[in-house]
Amino acid sequence: MLYPKNSVDKLGFTEVKELIKAHCLSEMGRQMVDKIQVMDNFDQIRKFLSQANEFKNILENDDTLPIHHFFDVKSLANKARIEGVFLSEEEFYQVHASLTTVFAVIAYFNEREGLYPNLEALFEHLPIEKAIIKKIDLVIDPKGKIRPNASRELSEITSGIAKAEQEARKKIDQIFKSAAGNGWTADGSLTVRDGRLCIPLLAENKRKLKGFIHDESSSGQTVYMEPEEVFSLNNKIRDLEFDRRREIVKILTALTDELRPYVPLLLSYHNLLTKLDFVRAKALFAIDIEAEMPQVINEPRLKLTNARHPLLLLNFKKEKKTVVPLNVQIDEQARIIVVSGPNAGGKSVCMKTVGLLQMMVQAGLLISASEASVVGVFKQLFVDIGDDQSIESDLSTYSAHLSKMKAFVEQANGKTLILIDEFGTGTDPQFGGPIAEAVLESLNHKKVRGMVTTHYSNLKIFASHTEGLENASMLFNNTEMKPLYMLEVGKPGSSYAFEIAQKIGLPQNVLNLAKNKVSAGQKKVDTLLVDLEREKKEIYDTKLRLDKQQRQVNALLAENETLKNYLEENKKALIKDAKEQAKNIILNANKLVENTISEIKSSNADKEKTRILRENLNIELQKNTVKPVVPKPLPNEEELKPGDWVKLTDSETTGQVIELIKDNVVIAIGDLRTVAKRKRVMKVSRSAVPKEIRKSFSAQTSDMASFSPEIDVRGMRTEDALGNIERLFDRAVMMGYGTLKIIHGRGDGILRKMIRQYLKKYEQVDRMEDEHADRGGDGITYVYLK
């Protein structure tokens, strides 16, 4: 139930319907848009929303739906229903074209069975009767004209007409040639007069040729004569034309009789075409306003995320401006939001946005808000916006407001959404304020949901200590003295009356006089509100800085933990390799010793032979002796620079200097980065660094240079997209990047949802946000790493 009836005009819903009508292809579709109403049936609302959302998905992501012809099949079917009446050639052509469109649409959805279930339900159990098209094809050609061979009689008549016309033409050509040879004709060629082919003769020669004069020139010097010999032939042609028309009527009557049994089916096809045109128009409008399908629940509550007024959005698009999004929640805890703040700060637009979007959802229209929004169903929508004074009804502005308040208090309940602009104004504030407070208290006792805007301090105070009411304010930059058009829930706002008056240039003496007339208590309240807003902004900015610092600390801790794990793993690997090498050395040494002993015995301890064998043993020993590397100490800071190779003194780990920060050295060790004190590192020559480490570092450097924290997964399957994102995520974490940009497109939102759910499992992810609306909106996700 809407109260008052003009609420649809007050909130802009009538304008929305006109914009949807502009997208309709047929008059039937426009008539259906006119019938759009706010519903309270949850299943019906969800069905209409799903249909519009599926069609929007087709328009954005699928092949074009084969919708080419929309004719008023209903009026044609009703005409064919009457006995003795026949459809014309053009009307049969319209029936044929419409049925071709219907069958093409059904085939389109049959190829995609299950993808668009709510749209498929539009033609569920609707039979495809192609016999109608076949019958029409036998009589009507593709251009909408009757076929010459539609019947044997018509074919004979058509042939007779062609033969008679040929004979008449031949005869008149002969006569024209003869008359021209005698100099009887005027300048020009054969011409048509009264539907007859005539010869132009000079007036003085008109009696030299027998025939019927049909016309003469304006000067009277030329007459147009149909020769006697041709006159009879033309009469014969005219008789045949009459026969042809009678035969065509006979054929069309017979075809209409054949079509008559299919009239109920034609009406069903008409309904399908009308609904498709209607849903298509809603989907196109949804694309215009960047709309999404919110989560719909069968409860009287709502939560709007990144909501924008659709009409304001369209106007701003033309002017290349951006609409500041609205975030608001109305539920059991915060049933009524009391919005205050400066004039021209956006209070009314905020309230109208809530009302219009709620009205659109309950009318089955997608809304210009995030798909994360939650919208419930209200049984009643009561609106008090603007001035409804009436001379005829003897109602003043305030009387009109009170009449509405009376209806609100009497009829509202827990499933009612109320929207009241400038609550309590129109009379003496000393009395208007208490009356407004009493009405608000009464509505709150009834558990009514809604939003009111006000400048009255008593309503702000009442909302601050009353359960179920929540203060909210439109933010204002009191430094630059301009509104920010952002709603902040939780505190009341100042009207900034004096500040705005000062900005627009009201004389200072007038301002001072006004300030002296304000009560000390009111002045104190307003000053406190201004100070509170300023302090809250400072706290918010400080919180942002602290959050950023905390993320940096967490990143450093995670990096140190990763480095520690990496070193532990390397240590184990090195020890394992060393043991393997030692084992091989021992095995080889045992074999060498045994062979040496055997050879000494076989040579009977010959001195020279024994000496050679000992030398061989020493050579093998030298091969397996590790020579200690004595690194050159760093005498001063200038000797160490970025790009130098260094080794940690307390381990065998080698890395390359990335940066010098006072007494600290930033070192790259493979994929990792670490910070060490200068006294813990020793410079080593490039040749002392194993080749595989140098190669690895070179590859890593090249990899970092070519790395891009942006990825485009549009058109990919979900599995492929997640795989590519996972690889990008791993590299970004290892390289210390703070932000990733993922371009996934809008579509039906499934890919975006899957990507966000997948990334939530990583503890390195701090938060995810949509791109700015002007640069892609929710078709792009920014991932912020801790």
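Here are some worked exercises on the strands, sheets and a few single residues of this structure.

This is a predicted model: local features need pLDDT of at least 70, side-chain atom pairs count only at pLDDT 80 or more, and totals for chains, interfaces and linings use all residues. Residues are numbered from 1 along each chain as its sequence is written, and side-chain values use heavy atoms, with hydrogens and water left out.

**Exercise 1. Work out how strand β12 sits in the structure and which strands it pairs with.**

Step 1: get the terms straight. Helices (H or I, at least four residues) and strands (E, at least two) are DSSP runs, numbered from the N terminus. Buried means under 20% relative accessible area, exposed over 50%, and partly exposed in between (1.4 Å probe, protein chains only).

Step 2: check the burial. Strand β12 covers residues 416-420, and five of the five are buried, so the strand is largely enclosed by the rest of the structure.

Step 3: look at the directions. T416, I418 and I420 point one way from β12, L417 and L419 point the other way, and all are buried. That fits the usual rule: in a regular strand the side chains alternate between the two faces of the sheet.

Step 4: find the partners. Two strands pair if DSSP finds at least two bridges between them. Strand β11 (residues 380-384) runs parallel to β12, with five bridges joining the two, and L381 stands opposite L417. Strand β13 (residues 449-453) also pairs with β12 in the parallel sense, over four bridges; here I418 has G450 as its bridge partner.

**Exercise 2. Follow the chain out of β12 and describe G424.**

Step 1: place the residue. G424 lies in the loop between β12 and α15 (429-445).

Step 2: is G424 buried or exposed? Its relative accessibility is 14%, so G424 counts as buried.

Step 3: list its company. Contact means heavy atoms within 4.5 Å. Setting aside neighbours within four places in sequence, G424 is in contact with Y398, G432, A436 and Y456. As for P434, it is ten residues from G424 in sequence, and the C-alpha to C-alpha separation is 8.4 Å.

**Exercise 3. Lay out the open sheet that contains β3, then add the helices that pack on it.**

Step 1: write down the order. Four strands make an open sheet, β2-β3-β5-β4, with antiparallel pairing. β2 (191-193) and β4 (211-216) are the edge strands, each pairing on one side only. From one strand to the next the twist averages 50°; axes are lines fitted to C-alpha atoms, for helices over the stretch in contact, and angles run from 0 to 180 degrees between N-to-C directions.

Step 2: walk across the pairs. Three bridges join β2 to β3, and T191 has C198 as its bridge partner. In the hairpin of these two strands, with two residues between them, D194 takes a positive phi near 55°. Next, four bridges join β3 to β5, where P200 stands opposite Y224. Finally, β4 and β5 (residues 222-227) pair over five bridges, and E216 has V223 as its bridge partner.

Step 3: add the helices. Helix α9 (residues 152-181) packs on the sheet and touches β3 (196-202) and β5, its direction making about 5° with that of β3. Helix α10 (residues 228-259) packs on the sheet too, touching β3, β4 and β5, at about 65° to the direction of β5.

Step 4: why is β3 largely enclosed? Five of its seven residues are buried, so the rest of the structure largely encloses it.

**Exercise 4. Do the same for the open sheet with mixed pairing.**

Step 1: the strand order is β21-β22-β24-β23. β21 (710-712) and β23 (765-770) each have a single partner strand, so one side of each is left without a neighbour in the sheet. The twist averages 20° from one strand to the next.

Step 2: take one pair. Strand β22 (residues 739-743) and strand β24 (residues 780-785) are antiparallel, with five bridges, and I743 is partnered with I780.

Step 3: which helix packs on this sheet? Helix α23 (residues 750-760) does, touching β22, β23 and β24, and its direction makes about 165° with that of β23.
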